[in-house]
Amino acid sequence: MAYLAHAAHLPFLGLIFGFVGLIITACLSGVNDWRIWYLDDQSIVSGGLAWVGVWRACFYSHVLDSSEFCKSISLTDSFTPPEIAAAQVLCMTAVGVGVVANLVAGYAVRNAYFGVDSGRVRLAFVTAGCLFWLTAACSLVPVLWNMSSVLANLTIDFPPDFYLPPAPIKQEVGPGIGIGICSSLLLIVSGLFFMCYKDPVKTKTDKSRPKEHLKNINVRAESSLDTIKESGDEGLINPAFEIEKNI
(Lines give C-alpha, C1' and ligand atoms only; values in the text may rest on other atoms or scores of the structure.)
Protein backbone atom coordinates (compact mmCIF):
# COMPACT_ATOMS: atom_id res chain seq x y z
CA MET A 1 0.00 0.00 0.00
CA ALA A 2 1.30 3.47 -0.88
CA TYR A 3 2.52 5.66 1.98
CA LEU A 4 0.42 8.82 1.74
CA ALA A 5 2.64 10.91 4.03
CA HIS A 6 5.42 10.88 1.43
CA ALA A 7 3.31 13.17 -0.77
CA ALA A 8 1.86 15.35 2.02
CA HIS A 9 4.92 17.34 3.06
CA LEU A 10 4.29 20.17 0.58
CA PRO A 11 0.58 20.48 1.51
CA PHE A 12 1.61 20.58 5.18
CA LEU A 13 3.72 23.64 4.38
CA GLY A 14 0.71 25.01 2.51
CA LEU A 15 -1.41 24.51 5.63
CA ILE A 16 1.04 26.66 7.60
CA PHE A 17 1.00 29.36 4.91
CA GLY A 18 -2.79 29.26 4.78
CA PHE A 19 -3.14 29.61 8.54
CA VAL A 20 -0.76 32.58 8.65
CA GLY A 21 -2.53 34.15 5.67
CA LEU A 22 -5.89 33.74 7.39
CA ILE A 23 -4.65 35.44 10.57
CA ILE A 24 -3.30 38.38 8.55
CA THR A 25 -6.52 38.61 6.54
CA ALA A 26 -8.59 38.66 9.75
CA CYS A 27 -6.45 41.53 11.07
CA LEU A 28 -6.62 43.39 7.76
CA SER A 29 -10.07 44.87 8.34
CA GLY A 30 -8.97 46.44 11.61
CA VAL A 31 -6.05 48.30 10.03
CA ASN A 32 -6.91 52.01 9.75
CA ASP A 33 -4.28 53.17 7.29
CA TRP A 34 -5.46 51.78 3.94
CA ARG A 35 -5.26 55.34 2.64
CA ILE A 36 -3.10 58.18 3.93
CA TRP A 37 -4.58 61.64 3.38
CA TYR A 38 -2.55 64.86 3.43
CA LEU A 39 -4.60 67.96 4.32
CA ASP A 40 -3.80 71.64 4.00
CA ASP A 41 -6.10 72.72 6.86
CA GLN A 42 -4.37 71.86 10.15
CA SER A 43 -6.65 73.82 12.46
CA ILE A 44 -8.24 70.57 13.71
CA VAL A 45 -6.12 67.80 12.24
CA SER A 46 -2.65 67.79 13.79
CA GLY A 47 0.06 67.70 11.15
CA GLY A 48 -2.54 67.61 8.37
CA LEU A 49 -2.39 63.81 8.26
CA ALA A 50 -5.41 61.46 8.37
CA TRP A 51 -5.86 57.71 7.91
CA VAL A 52 -8.81 56.20 6.09
CA GLY A 53 -9.46 52.51 6.63
CA VAL A 54 -12.23 50.09 5.82
CA TRP A 55 -14.28 50.64 8.98
CA ARG A 56 -13.20 54.06 10.22
CA ALA A 57 -11.26 57.26 9.54
CA CYS A 58 -8.82 58.58 12.15
CA PHE A 59 -6.48 61.49 12.79
CA TYR A 60 -4.66 63.14 15.68
CA SER A 61 -6.08 66.42 16.95
CA HIS A 62 -4.95 69.04 19.44
CA VAL A 63 -8.41 70.65 19.54
CA LEU A 64 -10.86 67.80 20.11
CA ASP A 65 -11.31 65.99 23.42
CA SER A 66 -9.29 62.89 22.50
CA SER A 67 -5.83 62.99 21.00
CA GLU A 68 -6.82 60.35 18.42
CA PHE A 69 -10.18 61.07 16.86
CA CYS A 70 -11.93 58.27 14.93
CA LYS A 71 -15.30 57.99 13.23
CA SER A 72 -16.85 54.75 12.02
CA ILE A 73 -17.64 54.15 8.37
CA SER A 74 -20.78 52.08 7.94
CA LEU A 75 -21.84 50.03 4.96
CA THR A 76 -25.19 51.83 4.95
CA ASP A 77 -23.78 55.38 4.98
CA SER A 78 -24.57 57.33 1.84
CA PHE A 79 -21.04 58.75 1.56
CA THR A 80 -19.31 55.33 1.69
CA PRO A 81 -17.57 54.77 -1.66
CA PRO A 82 -18.12 51.43 -3.43
CA GLU A 83 -14.53 50.27 -2.96
CA ILE A 84 -14.77 50.62 0.84
CA ALA A 85 -18.22 49.01 0.94
CA ALA A 86 -16.90 46.10 -1.11
CA ALA A 87 -13.91 45.80 1.21
CA GLN A 88 -16.18 45.53 4.25
CA VAL A 89 -18.17 42.69 2.69
CA LEU A 90 -15.35 40.81 0.99
CA CYS A 91 -12.94 40.95 3.95
CA MET A 92 -15.54 39.36 6.19
CA THR A 93 -16.30 36.79 3.50
CA ALA A 94 -12.58 36.02 3.19
CA VAL A 95 -12.35 35.27 6.91
CA GLY A 96 -15.29 32.84 6.77
CA VAL A 97 -14.03 31.05 3.67
CA GLY A 98 -10.52 30.95 5.10
CA VAL A 99 -11.69 29.20 8.26
CA VAL A 100 -13.42 26.52 6.18
CA ALA A 101 -10.33 26.19 3.96
CA ASN A 102 -8.09 25.59 6.98
CA LEU A 103 -10.47 22.99 8.40
CA VAL A 104 -10.62 21.06 5.12
CA ALA A 105 -6.85 21.36 4.70
CA GLY A 106 -6.21 20.09 8.23
CA TYR A 107 -8.54 17.14 7.61
CA ALA A 108 -6.73 16.25 4.37
CA VAL A 109 -3.23 16.53 5.86
CA ARG A 110 -4.27 14.53 8.92
CA ASN A 111 -5.62 11.68 6.77
CA ALA A 112 -2.48 11.67 4.65
CA TYR A 113 -0.09 11.50 7.60
CA PHE A 114 -2.11 8.84 9.41
CA GLY A 115 -2.51 6.76 6.25
CA VAL A 116 -6.29 7.03 6.18
CA ASP A 117 -6.87 6.47 2.47
CA SER A 118 -10.64 6.56 2.04
CA GLY A 119 -10.40 7.35 -1.66
CA ARG A 120 -11.17 11.03 -1.05
CA VAL A 121 -7.81 12.37 0.09
CA ARG A 122 -7.06 13.85 -3.33
CA LEU A 123 -10.53 15.47 -3.42
CA ALA A 124 -9.98 17.00 0.03
CA PHE A 125 -6.64 18.50 -1.06
CA VAL A 126 -8.16 19.98 -4.23
CA THR A 127 -11.11 21.39 -2.29
CA ALA A 128 -8.77 23.01 0.24
CA GLY A 129 -6.70 24.53 -2.56
CA CYS A 130 -9.78 26.01 -4.25
CA LEU A 131 -11.00 27.46 -0.95
CA PHE A 132 -7.61 29.07 -0.28
CA TRP A 133 -7.69 30.65 -3.75
CA LEU A 134 -11.22 31.90 -3.12
CA THR A 135 -10.06 33.42 0.17
CA ALA A 136 -7.18 35.13 -1.63
CA ALA A 137 -9.57 36.52 -4.25
CA CYS A 138 -11.94 37.91 -1.60
CA SER A 139 -8.99 39.66 0.03
CA LEU A 140 -7.13 40.79 -3.08
CA VAL A 141 -10.05 42.38 -4.98
CA PRO A 142 -10.85 45.12 -2.41
CA VAL A 143 -7.14 45.71 -1.78
CA LEU A 144 -6.41 46.34 -5.46
CA TRP A 145 -9.62 48.36 -5.87
CA ASN A 146 -8.69 50.70 -3.02
CA MET A 147 -5.13 50.97 -4.29
CA SER A 148 -6.49 52.02 -7.68
CA SER A 149 -8.67 54.66 -6.01
CA VAL A 150 -5.68 56.04 -4.14
CA LEU A 151 -3.56 56.23 -7.26
CA ALA A 152 -6.43 58.01 -9.06
CA ASN A 153 -6.80 60.37 -6.03
CA LEU A 154 -10.54 59.72 -5.76
CA THR A 155 -12.38 61.70 -3.09
CA ILE A 156 -14.77 60.73 -0.29
CA ASP A 157 -17.56 63.14 0.66
CA PHE A 158 -17.30 62.83 4.44
CA PRO A 159 -20.08 64.40 6.55
CA PRO A 160 -19.22 67.43 8.76
CA ASP A 161 -18.84 65.39 11.97
CA PHE A 162 -15.77 63.67 10.48
CA TYR A 163 -13.90 67.01 10.30
CA LEU A 164 -12.32 65.89 7.03
CA PRO A 165 -12.52 67.66 3.66
CA PRO A 166 -13.96 65.76 0.69
CA ALA A 167 -10.63 65.87 -1.14
CA PRO A 168 -7.09 65.84 0.24
CA ILE A 169 -4.09 67.61 -1.24
CA LYS A 170 -2.75 64.19 -2.05
CA GLN A 171 -3.13 60.66 -0.80
CA GLU A 172 -0.82 57.67 -0.62
CA VAL A 173 -1.18 53.92 -0.39
CA GLY A 174 -1.08 52.94 3.28
CA PRO A 175 0.49 49.89 4.95
CA GLY A 176 -2.92 48.22 5.11
CA ILE A 177 -2.94 47.66 1.36
CA GLY A 178 0.57 46.22 1.47
CA ILE A 179 -0.47 43.85 4.26
CA GLY A 180 -3.47 42.75 2.20
CA ILE A 181 -1.29 41.96 -0.81
CA CYS A 182 1.10 39.91 1.34
CA SER A 183 -1.71 37.88 2.91
CA SER A 184 -3.24 37.21 -0.51
CA LEU A 185 0.09 35.97 -1.86
CA LEU A 186 0.43 33.59 1.09
CA LEU A 187 -3.05 32.20 0.41
CA ILE A 188 -2.33 31.81 -3.31
CA VAL A 189 0.90 29.90 -2.63
CA SER A 190 -0.91 27.78 -0.06
CA GLY A 191 -3.61 26.84 -2.57
CA LEU A 192 -0.93 26.01 -5.14
CA PHE A 193 0.77 23.62 -2.72
CA PHE A 194 -2.50 21.79 -2.16
CA MET A 195 -3.22 21.61 -5.87
CA CYS A 196 0.22 20.05 -6.46
CA TYR A 197 -0.64 17.03 -4.33
CA LYS A 198 -0.56 13.73 -6.22
CA ASP A 199 -1.63 10.32 -5.04
CA PRO A 200 1.45 8.14 -4.45
CA VAL A 201 1.97 5.32 -6.94
CA LYS A 202 1.32 1.90 -5.45
CA THR A 203 4.23 -0.48 -5.93
CA LYS A 204 3.94 -4.24 -6.29
CA THR A 205 5.19 -6.35 -3.41
CA ASP A 206 8.49 -8.05 -4.17
CA LYS A 207 7.82 -11.72 -3.33
CA SER A 208 11.42 -12.78 -3.95
CA ARG A 209 12.73 -10.76 -1.00
CA PRO A 210 11.51 -13.13 1.79
CA LYS A 211 13.11 -16.10 0.02
CA GLU A 212 16.42 -14.31 -0.33
CA HIS A 213 16.24 -13.24 3.31
CA LEU A 214 15.62 -16.87 4.42
CA LYS A 215 18.47 -18.09 2.22
CA ASN A 216 20.86 -15.64 3.90
CA ILE A 217 19.79 -16.87 7.33
CA ASN A 218 20.47 -20.51 6.35
CA VAL A 219 23.91 -19.61 5.02
CA ARG A 220 24.83 -17.87 8.26
CA ALA A 221 23.47 -20.81 10.29
CA GLU A 222 25.51 -23.34 8.33
CA SER A 223 28.61 -21.21 8.74
CA SER A 224 28.12 -21.06 12.51
CA LEU A 225 27.53 -24.82 12.67
CA ASP A 226 30.73 -25.57 10.77
CA THR A 227 32.66 -23.28 13.09
CA ILE A 228 31.39 -25.16 16.16
CA LYS A 229 32.23 -28.57 14.66
CA GLU A 230 35.74 -27.47 13.79
CA SER A 231 36.31 -26.27 17.33
CA GLY A 232 35.31 -29.70 18.70
CA ASP A 233 32.38 -28.36 20.75
CA GLU A 234 29.70 -30.40 19.03
CA GLY A 235 27.92 -30.85 22.34
CA LEU A 236 26.97 -27.21 22.25
CA ILE A 237 24.89 -27.74 19.15
CA ASN A 238 21.18 -27.35 19.85
CA PRO A 239 19.18 -30.33 18.48
CA ALA A 240 16.44 -27.96 17.44
CA PHE A 241 19.06 -26.06 15.49
CA GLU A 242 20.02 -29.27 13.65
CA ILE A 243 16.42 -30.03 12.82
CA GLU A 244 15.85 -26.48 11.52
CA LYS A 245 19.02 -26.81 9.44
CA ASN A 246 17.88 -30.08 7.87
CA ILE A 247 14.56 -28.52 7.00
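Let me begin with the terms: helices (H or I, at least four residues) and strands (E, at least two) are DSSP runs, numbered from the N terminus. On that basis the protein reads α-β-β-β-β-α-α-β-α-α-α along the sequence, which comes to six helices and five strands.

This is a predicted model, in which local features need pLDDT of at least 70 and side-chain atom pairs count only at pLDDT 80 or more, while totals for chains, interfaces and linings use all residues. Residues are numbered from 1 along each chain as its sequence is written, and side-chain values use heavy atoms, with hydrogens and water left out.

I will concentrate on helix 1. The buried residues of helix 1, meaning those under 20% relative accessible area, where exposed is over 50% and partly exposed in between (1.4 Å probe, protein chains only), are Pro 11, Gly 14, Leu 15, Gly 18, Gly 21, Leu 22, Thr 25 and Leu 28. Seen down the helix axis, they fall within an arc of 140°, taken from the directions from the axis to the C-beta atoms, so they line one face of helix 1. An α-helix has 3.6 residues a turn, so residues three or four places apart point the same way. Those buried residues pack against helix 2 (82–113), helix 3 (121–151) and helix 4 (175–195), where contact means heavy atoms within 4.5 Å.

Which residue of helix 1 counts as partly exposed, at 48% relative accessibility? That residue is Phe 19, which is found in helix 1.

Finally, across the protein, buried residues make up 37% of the 247 residues, and residues 24 or more positions apart account for 66% of the contacts with a separation of 6 or more.
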